[in-house]
Amino acid sequence: MNDCLFCKIIAGEIPSAKVYEDEHVYAFRDINPQAPTHILVVPKEHIGSAAELTEENSAAARCLVAAAKIAEREALTGGYRIVSNVGSDAGQTVKHLHFHILGGKRLDDTMA
Ligand code: AMP
Ligand code: ZN
């Protein structure tokens with residue numbers, strides 16, 4: 001069986017604070033927020049990371065379109081940052097593609 005944490009969250013087997021859902025995308029609040037607004041946007045399809053995307057797959061584009069809608073709903077009018085960690089050097093802990101939306105304050109100038 002699929003042992004992926006985010007697949008279980010999407011399936012409702014593990015609770016989450018949902019902020020958005022459509023046919024292809026699910027979004028919920030990060031359990032350990034790094035900014036006043038910290039939301040994870042994930043494709044419902046299991047994809048391990050951005051490194052596994054293909055030209056034929058629209059999962060990432062759908063996530064980014066959803067992220068813009070979510071940012072508007074969350075009134076992130078001053079801007080926000082979208083981050084997707086890939087692999088161990090980036091600190092990816094959940095091997096299901098996800099985009100962090102970070103906002104609600106002036107974010108650090110450094111990204112690494
Ligand atoms: P990453 O380190 O990029 O793989 O991000 C994984 C994120 O998932 C981290 O920011 C965690 O705080 C978050 N996370 C882990 N478990 C949960 C959960 N059950 N609900 C919400 N967010 C979670
Ligand atoms: Zn998954």
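This report describes a predicted model, starting with the ligand site and moving on to selected residues.

## The ligand and its pocket

Ligand 1 sits in the largest pocket. Sixteen residues surround the ligand: of these 16, Asp30, Asn85, Thr93, His98 and His100 come nearest. By class, the shell is made of seven nonpolar, seven polar and two charged residues.

Two secondary-structure elements, α1 (5-10) and β2 (25-29), each supply at least two residues of this shell. Helix α1 gives the most, with three residues.

## Polar contacts to the ligand

Three residues place a polar atom close to ligand oxygen, as listed here.

- Threonine 93 uses its backbone: an N or O atom there lies 2.7 Å from an oxygen atom of ligand 1.
- Histidine 100 uses its side chain, with a polar atom 2.9 Å from an oxygen atom of the ligand.
- Glycine 91 again uses a backbone N or O atom, at 3.0 Å from an oxygen atom of ligand 1.

Cover is given as a share of area. On its own, ligand 1 has 500 Å² of accessible area, and the protein covers 83% of that.

## Histidine 38 behind histidine 100

Histidine 100 also has a partner within the protein. Its side chain makes a polar contact with the side chain of histidine 38, at 2.8 Å. Histidine 100 is thus placed between two partners: its side chain has a polar atom 2.9 Å from a ligand oxygen, and its side chain also contacts histidine 38.

Where is histidine 38 found? It belongs to strand β3, residues 37-43. Its relative accessibility is 5%; the cut-off for buried is under 20%, so histidine 38 counts as buried. The side chain of histidine 38 has a further contact, reaching the backbone nitrogen of glutamine 34 at 2.9 Å.

## Glutamine 92 in the β4–β5 loop

Glutamine 92 lies in the loop between β4 (80-83) and β5 (99-103). Is this residue buried or exposed? Its relative accessibility is 7%, so glutamine 92 counts as buried.

The side chain of glutamine 92 has two backbone partners. It reaches the backbone nitrogen of glycine 87 at 2.8 Å. A polar atom of the same side chain lies 3.0 Å from the backbone oxygen of valine 94. In sequence, glutamine 92 falls between glycine 91 and threonine 93, whose backbone atoms lie 3.0 Å and 2.7 Å from ligand oxygen.

## Strand β3 and the loop after it

Proline 43 also lies in strand β3. Its relative accessible area is 1%, so proline 43 is buried. Proline 43 and glycine 104 are 61 residues apart in sequence, and their C-alpha atoms are 24 Å apart in space.

Two residues of the loop between β3 and α2 (59-73) can be set side by side. Serine 49 lies in this loop, and so does alanine 51. Serine 49 is buried, because its relative accessible area is 7%. Alanine 51 counts as exposed, because its relative accessibility is 60%; the cut-off for exposed is over 50%.

Distances place these two loop residues further. From serine 49 to alanine 59, the C-alpha separation is 11 Å, over 10 residues of sequence. From alanine 51 to histidine 96, the C-alpha separation is 11 Å, over 45 residues of the chain.

## Helix α1

Isoleucine 9 is found in helix α1, the helix that gives three residues to the ligand shell. With 7% relative accessibility, isoleucine 9 counts as buried. Its C-alpha atom is 9.1 Å from that of phenylalanine 28, which is 19 residues away along the chain.

## A positive phi angle

Alanine 75 lies in the loop between α2 and β4. What is its phi? The angle is near 60°, a positive value in a residue other than glycine.

Conventions: Residues are numbered from 1 along each chain as its sequence is written. Chains are lettered from A and ligands numbered from 1 in the order in which they are written. This is a predicted model: local features need pLDDT of at least 70, side-chain atom pairs count only at pLDDT 80 or more; totals for chains, interfaces and linings use all residues. Side-chain values use heavy atoms; hydrogens and water are left out. A residue is near a molecule or strand if one of its heavy atoms lies within 4 Å of it. A polar contact is a pair of N or O atoms within 3.5 Å; within protein, one must be able to donate a hydrogen and the other to accept it, and residues adjacent in sequence count only if both atoms are side-chain atoms. Accessible areas come from the Shrake-Rupley method with a 1.4 Å probe; for residues, only the protein chains shown count as cover. On a 1 Å grid over the protein atoms alone, a cavity is a set of points where a 1.4 Å probe fits but cannot get out, and a pocket is an open set with protein on both sides within 12 Å along at least five of seven lines; lining residues have an atom within 4 Å of a point. A molecule sits in a cavity or pocket if more than half of its atoms lie within 2 Å of its grid points. Helices (H or I, at least four residues) and strands (E, at least two) are DSSP runs, numbered from the N terminus. Ala, Val, Leu, Ile, Met, Phe, Trp, Tyr, Cys and Pro count as nonpolar, Asp, Glu, Lys and Arg as charged, and the others, Gly among them, as polar. Buried means under 20% relative accessible area, exposed over 50%, partly exposed in between (1.4 Å probe, protein chains only).
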